[in-house]
Amino acid sequence: MSTEKNIQTVKDFFAAIGSGDRKALLALVAEDIEWIIPGKDWPLAGTHRGHAGLANLLETASKSIETSTQPREFVAQGDRVLVVGFANGKIKATNKPFEDDWVFAITVRDGRLTNIREYVDTQALAGAAQMGASGAARLSNTQP
């Protein structure tokens, strides 16, 4: 596929996430999708595989955070699309806000996303997830 088509596929992916259209989302990702979110002290961190892993990630996200994600720049070469964006929102468990500059490195093959590696501001997210001094708990990594 052309880089322009790959960029459009990624834009469609973000639109499906933003609208909550899971059917459209699943149509845009390969059945063996791998989504990697590095980090600790963040419930979304880990490697998520397949449609089931993607569904679990989205469910965990909807229970953990309220966020508005804004992809701002798309850069493509071959089957790779880098997306530079910004998100803001709050962690539900702590009610603390966060701002997050991020980059997604996405591989698109045959019109479907096959791999996503998400680079986020883990310090901002972990800080917002941390309970105050009166609370002993922290959100922990719930993924394997």
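How many helices and how many strands does the chain have? There are four helices and six strands.

## Overall layout

The model described here is predicted. Read along the sequence, its helices and strands follow the pattern α-α-β-β-α-β-β-β-β-α. The chain has 144 residues, of which 40% count as buried. Among contacts with a separation of 6 or more, 51% are made by residues 24 or more positions apart.

## Nonpolar core

In soluble globular proteins, nonpolar side chains tend to be buried together. The largest nonpolar core of this chain has 34 residues, and Phe-13 and Ile-106 touch the most other members. Two or more residues of this core come from each of H1, H2, E1, H3, E4, E5, E6 and H4.

Ile-106 has contacts with Val-10, Phe-14, Asp-79, Arg-80, Val-81, Val-83, Leu-113, Asn-115 and Ile-116, leaving aside its neighbours within four places in sequence. Of these partners, Val-10 and Phe-14 are listed among the buried residues of H1, and Asp-79 takes part in a salt bridge with Arg-109.

## Helix H1

Helix H1 covers residues 3–19. Its 17 residues should span 24 Å at 1.5 Å a residue, and the end C-alpha atoms are 24 Å apart, which agrees. After the helix comes Gly-20, with a positive phi near 75 degrees.

The buried residues of H1 are Asn-6, Ile-7, Thr-9, Val-10, Phe-13, Phe-14 and Ala-16. What covers them includes helix H2 (22–28), strand E1 (29–37), strand E3 (65–77), E4, E5 and strand E6 (112–119). An α-helix has 3.6 residues a turn, so residues three or four places apart point the same way.

## Helix H3 and Leu-54

Helix H3 runs over residues 50–64 and contains Leu-54. Is Leu-54 buried or exposed? Its relative accessible area is 3%, so Leu-54 is buried; the cut-off for a buried residue is under 20%.

Which residues does Leu-54 touch, not counting those up to four places away in sequence? They are Leu-25, Leu-26, Val-29, Trp-35 and Arg-49. Leu-25 is 29 residues from Leu-54 along the chain, and the C-alpha atoms of the two are separated by 9.6 Å.

## Salt bridges

A search of the whole structure finds three salt bridges. One of them joins Arg-49 to Glu-34, with the closest N and O atoms 3.1 Å apart. Arg-49 lies in strand E2 (residues 46–49) and Glu-34 in strand E1, so this pair ties together parts that are 15 residues apart in sequence. Arg-49 counts as exposed, at 54% relative accessibility, whereas Glu-34 is partly exposed, with a relative accessible area of 22%. Arg-49 is also one of the residues that Leu-54 touches.

Lys-63 forms a salt bridge with Glu-59, and here the closest N and O atoms are 3.6 Å apart. Both residues belong to helix H3, where being four residues apart separates them by about one helical turn. Lys-63 counts as exposed at 60% relative accessibility, and Glu-59 as partly exposed at 35%. The side chains of Asp-79 and Arg-109 also meet in a salt bridge, at 3.1 Å from N to O. Asp-79 lies in the loop between E3 and E4 and Arg-109 in strand E5, so the pair ties together parts that are 30 residues apart in sequence. Asp-79 counts as partly exposed at 27% relative accessibility, as does Arg-109 at 47%.

## Helix H4

At the start of H4, a side-chain oxygen of Asp-121 comes to within 3.1 Å of the backbone nitrogen of Ala-124. The helix itself covers residues 122–129, and its buried residues are Leu-125, Ala-126, Ala-128 and Ala-129. Seen down the helix axis, these buried residues fall within an arc of 160 degrees, so they line one face of H4. Strand E4 (80–91) and strand E5 (96–109) are included in what covers them.

E4 and E5 are also included in the cover of the buried residues of H1. H4, E4 and E5 are among the elements that give two or more residues to the largest nonpolar core.

Notes
Residues are numbered from 1 along each chain as its sequence is written. This is a predicted model: local features need pLDDT of at least 70, side-chain atom pairs count only at pLDDT 80 or more; totals for chains, interfaces and linings use all residues. Side-chain values use heavy atoms; hydrogens and water are left out. Buried means under 20% relative accessible area, exposed over 50%, partly exposed in between (1.4 Å probe, protein chains only). The arc is that of the directions from the helix axis to the C-beta atoms. Contact means heavy atoms within 4.5 Å. A polar contact is a pair of N or O atoms within 3.5 Å; within protein, one must be able to donate a hydrogen and the other to accept it, and residues adjacent in sequence count only if both atoms are side-chain atoms. The expected span of a helix is 1.5 Å times one less than its number of residues. A salt bridge is a side-chain nitrogen of Lys or Arg within 4 Å of a carboxyl oxygen of Asp or Glu. A nonpolar core is a set of buried Ala, Val, Leu, Ile, Met, Phe, Trp, Tyr and Cys residues joined through side-chain atoms within 4.5 Å.
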